[in-house]
Amino acid sequence: MPKVTKIEVQKKNKERFNLFLDGEFEMGIDIDTLVKFNLEKDQILEPSDMQNIQEYDHYRRGVNLAIQYLSYKKRTEREVIQYLEKNDIQSNAIQDVIDYCYKEKFIDHEDYAESLKNTMIHTTDKGPEIYRQKLYQLGIEVTIIEKYVEAYEQQQPLDDVIKVAEKVMKSKKGPEAKVKQKVTQSLLQKGYKFETIQLVMNEIDFSQDEETLDHLLQRDLEKVYNKNCRKYDSDKSVIKTIEALMRKGYNYDKIKSKLEESGISNE
């Protein structure tokens with residue numbers, strides 16, 4: 001049976017030790033492993049002792065990796081597991097590491113959800129559904145997700161959502177109906193619920209001055225008509241142009257008037 005012949009502190013890490021058996025280097029161990037097995041010079045080790053030491057030190061390596069990983073920011077169980085797997089920690093040791101992290105409150109999904117909620121509300125323009133997706137992707141339990149999504153909806157100021165909508169509105173050009181549609185689509189993509197969007201839309205003034213709308217209609221008419229002229233004869237080009245402009249939200253009578261004004265249609 002092997003005998004411990006030397007235990008020395010590693011030069012680069014004072015928390016780890018080199019374990020020598022029968023004059024040969026056997027393995028590196030951390031201080032917790034050293035203390036747990038009460039290792040000392042001239043100690044005789046059974047084969048089962050070595051297996052227990054190796055398994056425990058592997059677990060301790062996983063714990064140290066997890067603590068280091070968690071020291072930079074809050075993480076979920078899924079993130080920690082993926083990190084440990086990436087660093088070749090065995091599955092049986094990973095579960096023990098996760099149990100340790102929960103016990104020491106290094107992993108706390110409620111705290112994580114609360115922190116992410118506050119960060120997203122105050123630093124992003126995203127709604128509760130994007131928040132929900134993030135929690136789901138990170139492996140948060142459904143009960144916690146529902147609880148904190150509800151809190152997100154209650155705590156996100158409606159005025160902030162209105163500002164998001166107004167910013168989107170200012171970047172869109174075209175008839176009022178089309179701009180409303182684009183703002184609605186943008187807010188849905190940002191994770192806001194339709195009920196919230198309806199409240200926001202009722203608070204925004206989408207009206208545009210006639211001169212601006214007239215200019216936009218003229219611009220779009222020329223662009224669409226010139227494109228259709230390359231595909232169709234004169235009459236069909238006019239019909240296709242009217243259809244395209246109406247899909248953009250322009251009023252039929254104004255389209256007809258602008259066509260006549262441009263000398264394209266006299267009907």
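Which residues form one aromatic cluster with Tyr59? I looked this up before anything else, bearing in mind that the model is predicted. Phe37, Tyr56 and Tyr59 make up the cluster.

**Entry: aromatic pairs**

I searched the whole structure for aromatic pairs and got six. I took down the pair of Phe37 and Tyr56, which is edge-to-face, with 5.8 Å from centre to centre and 75 degrees between the planes. Phe37 sits in the loop between α1 (31-36) and α2 (47-72), while Tyr56 belongs to helix α2, so the pair ties together parts that are 19 residues apart in sequence. I then checked the accessibility of both rings. Phe37 is partly exposed at a relative accessible area of 23%. Tyr56 is buried, with a value of 17%, and I note that the cut-off for buried is under 20%.

I also noted Tyr100 and Phe106, an aromatic pair that is tilted, with centres 6.1 Å apart and 55 degrees between the planes. Tyr100 counts as partly exposed at 22% relative accessibility. Phe106 counts as partly exposed too, at 36%.

**Entry: charges over rings**

Which residue lies over the face of Tyr56? I found Lys36 there, at 5.0 Å from the ring centre. Tyr56 therefore has Lys36 over its face as well as an edge-to-face partner in Phe37, and is buried. I recorded a second case at Tyr69, where Arg75 lies over the face of the ring at 3.8 Å from its centre.

**Entry: the hairpin of β2 and β3**

I looked at how strand β2 (residues 16-21) meets strand β3 (residues 24-30). The two run antiparallel and are joined by six bridges. For Asn18 I looked up the bridge partner in β3, and it is Gly28. The hairpin has two residues between the strands, and Asp22 in this hairpin takes a positive phi near 50 degrees.

I used Asp22 again for a distance across the model. Its C-alpha atom and that of Asn202 are separated by 82 Å, the two residues being 180 residues apart along the chain. Asn202 is found in the loop between α10 and α11 (210-229). Asn202 is exposed, with a relative accessible area of 64%.

**Entry: positive phi in the loops**

I went on to positive phi angles in loops between helices. Asp42 is not a glycine, yet has a positive phi of about 75 degrees. Asp42 is found in the loop between α1 and α2, the loop that also holds Phe37. At 48% relative accessibility Asp42 counts as partly exposed.

Lys105 is another non-glycine with a positive phi, here of about 65 degrees. Its place is the loop between α4 (91-103) and α5 (109-123). Is Lys105 buried or exposed? I have it down as exposed, at 61% relative accessibility.

**Entry: helix α8**

I checked the length of α8. Its 14 residues should span 20 Å at 1.5 Å a residue, and the end C-alpha atoms are 20 Å apart, which agrees. I listed the buried residues of α8 as Val161, Ile162, Val164, Ala165, Val168 and Met169. Seen down the axis of α8, these fall within an arc of 160 degrees, so they line one face of the helix. The face turned away from the buried side carries the exposed residues Asp159, Lys163, Lys167, Lys170 and Ser171. What do the buried residues of α8 pack against? I found α9 and α10.

**Entry: helix α9**

I repeated the check on α9 (residues 176-189). This helix has 14 residues and reaches 20 Å from its first C-alpha to its last, close to the 20 Å expected at 1.5 Å a residue. Its buried residues are Val179, Val183, Thr184, Ser186 and Leu187. Down the axis of α9 they fall within an arc of 165 degrees, so they line one face of the helix. Ala177 and Gln189 are exposed on the other side.

I then looked up what covers the buried residues of α9, and the cover includes α8 (158-171) and α10 (194-201). This fits the entry for α8, whose buried residues pack against α9 and α10. Last, I noted that Gly191, just after α9, takes a positive phi of about 100 degrees.

How values were computed. Residues numbered from 1 in each chain as written. Predicted model: local features only at pLDDT ≥ 70, side-chain atom pairs only at ≥ 80, totals over all residues. Heavy atoms only, no water. Helix = DSSP H or I, 4+ residues; strand = E, 2+ residues; numbered from the N terminus. Expected span 1.5 Å × (residues − 1). Buried < 20%, exposed > 50% of the residue type's maximum accessible area, 1.4 Å probe, protein only. Arc of directions from axis to C-beta. Contact = heavy atoms within 4.5 Å. Phe/Tyr/Trp six-rings, centres within 6.5 Å; stacked < 30°, edge-to-face > 60°. Lys NZ or Arg CZ within 6 Å of the ring centre and 35° of its normal. Pairing = 2+ DSSP bridges.
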